[in-house]
Amino acid sequence: MDIDSKTLRRGWTTGTCAAAATKAACLALMTGEFPAMVEVTLPGGQRPGFALAIEEVGEGFAKAGIIKDAGDDPDVTHGALIMSTVRRGAPASGITFKAGPGVGTVTRPGLPLPPGEPSINPVPRQMIAQAITEVAGEGADFEVEISVPDGEKIAEKTLNGRLGIVGGISILGTTGIVIPYSCSAWIHSIWRGIDVARAAGLDHISGATGNTSEKAAQAYHDLSDVALIDMGDFVGGMLKYIRSHPVPKVTVAGGVAKMTKLAQGMLDVHSKRGLADLEALAKVAEDAGADADLVARIIAANTVAQAFEMAGARGLKLGDRIAALAWKTAAKSLGDPKIALEILVFDRHGQLAGRTEFTPSDHSGSLAPES
């Protein structure tokens, strides 16, 4: 992988680390000895090896820990100690899971695990079970407790609180491998947020590109935290999931720059994907009645925000025009008359700069007004 001419190193998920720590602890519980290195099988068949950071055997238990290496991905759990404590289980109990300190517990429906379960996702559970089978054979009975020192503090930097996962981080991963800057974890958190909102019976959710627009949209509609989806730059990722997991009313909210990019057809509005086209923005302003002087000033503006300020000073409602065009882009990703779509555009202070009405999102039907 090459980004900005730099080769990026892949890493390992919390699920992979938990499986490796569990395998080492299980082996030590059975033999009294820890391996010098422990290998685990990933869903794709790869078999990476890990060194142990923690080794402890006590009365009826064994504990092992592995430092998570996320490679070159800016993962909040990079460097975290993922620990597994393994104990013998009751006969015929199979493998049971427990959330130790720093690992969250599910409290709301809509997630892959029911309320009350430790937030150790299904694929990591399968990997842990496979790791135990490699040591103890089929049908073994063990209790596995996963813990993460400082996990509760780390979880404050994640969406777990909003998803109703309390007490720490989640043990995650679908492939076992962290691909730098793949953004898959963020996309999956968007999906899980939608699942939780649907399970709670909400008929209106709001996806925002940033904190300011999220708070402004929440206040505008008096929404609960469960209704808020931390969409970030992934407008398309959120809307395409909603298309197959519908919610009756959807608000897309963002600042003037990112909503201008959406208006210009970009469903990923990150700055690295390209800048807003100021000449195209000037044409929108011209169509809205801007004179030649204002058009020239917008083309020469340093930022979209400055262009909006110029338009506002002339009494031009540029935000409503951008909202209408952004609606058209977003509606193409939904295309469902049963889903009503609204666009809210906010300035950097959280003040409303433009909006559309809720409009059925079948793009072939009625469109949001361009006024």
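**Exercise 1. Determine whether Ser 119 is buried or exposed, and then describe the place it has in the chain.**

Step 1. Ser 119 has a relative accessible area of 1% and is therefore buried, where buried means under 20% relative accessible area, exposed means over 50%, and partly exposed lies in between, computed with a 1.4 Å probe on protein chains only.

Step 2. This is a predicted model, in which local features need a pLDDT of at least 70 and side-chain atom pairs count only at pLDDT 80 or more, while totals for chains, interfaces and linings use all residues. Residues are numbered from 1 along each chain as its sequence is written, and side-chain values use heavy atoms, with hydrogens and water left out.

Step 3. Along the chain, Ser 119 sits in the loop that runs from strand 11 (105–106) to helix 2 (122–136); helices (H or I, at least four residues) and strands (E, at least two) are DSSP runs, numbered from the N terminus.

Step 4. If residues up to four places away in sequence are not counted, Ser 119 touches Val 103, Gly 104, Thr 105, Val 106, Leu 113, Ile 165, Ile 169, Ser 170 and Ile 171, a contact being a pair of heavy atoms within 4.5 Å. Another residue to locate is Asn 160, which is 41 residues from Ser 119 in sequence but 9.7 Å from it in space, C-alpha to C-alpha.

**Exercise 2. Describe the protein chain as a whole, beginning with how many helices and strands it has.**

Step 1. The protein chain holds twelve helices and 21 strands, and its C-alpha trace spans about 80 × 45 × 30 Å along the principal axes.

Step 2. Of its 371 residues, 48% count as buried.

Step 3. Among the contacts between residues at least 6 apart in sequence, 66% join residues that are at least 24 apart.

**Exercise 3. Explain why helix 8 is described as largely enclosed, and say what Gly 265 does just after it.**

Step 1. Begin with the members of helix 8 that are buried, which are Val 256, Met 259, Thr 260, Lys 261, Leu 262 and Ala 263.

Step 2. Because six of the eight residues of helix 8 (residues 256–263) are buried, the rest of the structure largely encloses this helix.

Step 3. Just after helix 8, Gly 265 takes a positive phi of about 100 degrees.

**Exercise 4. Find which residues touch the most other members of the largest nonpolar core, and follow one of them, Leu 281, to its contacts.**

Step 1. A nonpolar core is a set of buried Ala, Val, Leu, Ile, Met, Phe, Trp, Tyr and Cys residues joined through side-chain atoms within 4.5 Å. The largest such core has 58 residues, of which Met 238, Val 250, Val 252, Leu 281 and Ile 343 touch the most other members.

Step 2. Helix 12 gives the most to this core, with eight residues.

Step 3. A second core of 39 residues is separate from it, and includes Ala 24, Phe 97, Val 144 and Ile 177.

Step 4. Leaving aside neighbours within four places in sequence, Leu 281 is in contact with Thr 260, Gln 264, Ile 298, Val 304, Ala 307, Phe 308, Leu 318 and Ile 322. Thr 260 in this list is also one of the buried residues of helix 8.

**Exercise 5. Count the disulfides, and examine Cys 17 and Cys 26.**

Step 1. The structure holds zero disulfides, a disulfide being a pair of cysteine sulfur atoms within 2.5 Å.

Step 2. For Cys 17, which is in no disulfide, the nearest cysteine sulfur is that of Cys 26, 18 Å away. Cys 26 is likewise in no disulfide, and its nearest cysteine sulfur, that of Cys 17, is 18 Å away.

Step 3. Cys 17 counts as buried because its relative accessibility is 0%, and Cys 26 counts as buried because its relative accessibility is 0%.

**Exercise 6. Locate Asp 150 and Asp 222, and state the phi angle of each.**

Step 1. Asp 150 lies in the loop between strand 12 (142–147) and helix 3 (151–155), and although it is not a glycine, it has a positive phi of about 65 degrees. Its relative accessibility is 58%, so Asp 150 counts as exposed.

Step 2. Asp 222 belongs to the loop between helix 6 (211–221) and strand 17, and it has a positive phi of about 55 degrees although it is not a glycine. Its relative accessibility is 70%, so Asp 222 counts as exposed.
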